[in-house]
Amino acid sequence: MEMIKIKSSVISAIGYDGKNIEVHLHSGKKYQYFPVPEKVFNDFLNAKSKGIFWNKQIKPKYQCRELR
């Protein structure tokens with residue numbers, strides 16, 4: 001998955017493969033959320049605060065697994 005580096009105090013990069021969003025944190029942790037519509041990824045990418053969007057629009061709404 002191609003990752004896009006972003007400016008955020010918590011998130012270092014995000015990526016999308018057409019159905020899954022991957023979130024990489026500055027702490028080194030990585031998470032995958034699924035299944036996520038493309039519109040949600042585009043909204044995430046364009047959100048003024050990626051951390052707030054992640055906490056309110058992705059974390060509580062989609063299945064998640066931690067990547068190792």
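Partly exposed means a relative accessible area between the buried limit, under 20%, and the exposed limit, over 50%. The model used in these exercises is predicted.

**Exercise 1. Fold outline**

Task: List the secondary structure elements of the chain in order, then judge its compactness.

Solution.
- Step 1. Count the elements. The chain has 2 helices and 5 strands.
- Step 2. Put them in order. Starting at the N terminus, the run is β-β-β-β-α-α-β.
- Step 3. Compare radii. The radius of gyration is 10 Å, close to the 11 Å from the globule rule for 68 residues, so the chain is as compact as a globular protein of that length.
- Step 4. Add the box. Along the principal axes, the C-alpha atoms fill roughly 30 × 25 × 25 Å.

**Exercise 2. Burial, contacts and surface**

Task: State what share of the residues is buried, and what share of the contacts with a separation of 6 or more joins residues 24 or more positions apart.

Solution.
- Step 1. Take burial. Of the 68 residues, 38% are buried.
- Step 2. Take contacts. Among those with a separation of 6 or more, 36% join residues 24 or more positions apart.
- Step 3. Take the surface. The accessible area is about 4,500 Å², and carbon and sulfur atoms hold 49% of that.

**Exercise 3. Charges and the Glu 66 pair**

Task: Count the charged side chains, then place the salt bridge of Glu 66 and Lys 29 in the chain.

Solution.
- Step 1. Count charges. There are 13 positive and 6 negative side chains. The centres of the two sets are 8 Å apart.
- Step 2. Recall the principle. Oppositely charged side chains can pair when their charged atoms come close.
- Step 3. Search the whole structure. It yields 2 salt bridges.
- Step 4. Check the distance. Glu 66 and Lys 29 meet at 3.8 Å, N to O, and the cut-off is 4 Å.
- Step 5. Locate the partners. Glu 66 lies in strand S5 (residues 63-67), and Lys 29 in the loop between strand S3 (21-25) and strand S4 (30-34). They are 37 residues apart, so the pair links distant parts of the chain.
- Step 6. Classify exposure. Glu 66 has a relative accessible area of 37%, so it is partly exposed. Lys 29 has 40%, so it is partly exposed.

**Exercise 4. The helix pair**

Task: Locate the salt bridge of Lys 39 and Asp 43, and classify each partner by exposure.

Solution.
- Step 1. Check the distance. The side chains of Lys 39 and Asp 43 meet at 2.8 Å, N to O.
- Step 2. Locate the partners. Both sit in helix H1 (residues 38-46), 4 residues apart, about one turn of the helix.
- Step 3. Classify. Lys 39 has 58% relative accessibility, so it counts as exposed. Asp 43 has 31%, so it counts as partly exposed.

Definitions and conventions: Residues numbered from 1 in each chain as written. Predicted model: local features only at pLDDT ≥ 70, side-chain atom pairs only at ≥ 80, totals over all residues. Heavy atoms only, no water. Rg over C-alpha atoms; globule rule 2.2 N^0.38 Å. Buried < 20%, exposed > 50% of the residue type's maximum accessible area, 1.4 Å probe, protein only. Contact = heavy atoms within 4.5 Å. Areas by Shrake-Rupley, 256 points an atom, 1.4 Å probe, with all protein chains shown as cover. Lys, Arg positive; Asp, Glu negative; His and termini not counted. Charge placed at Lys NZ, Arg CZ, Asp CG, Glu CD.
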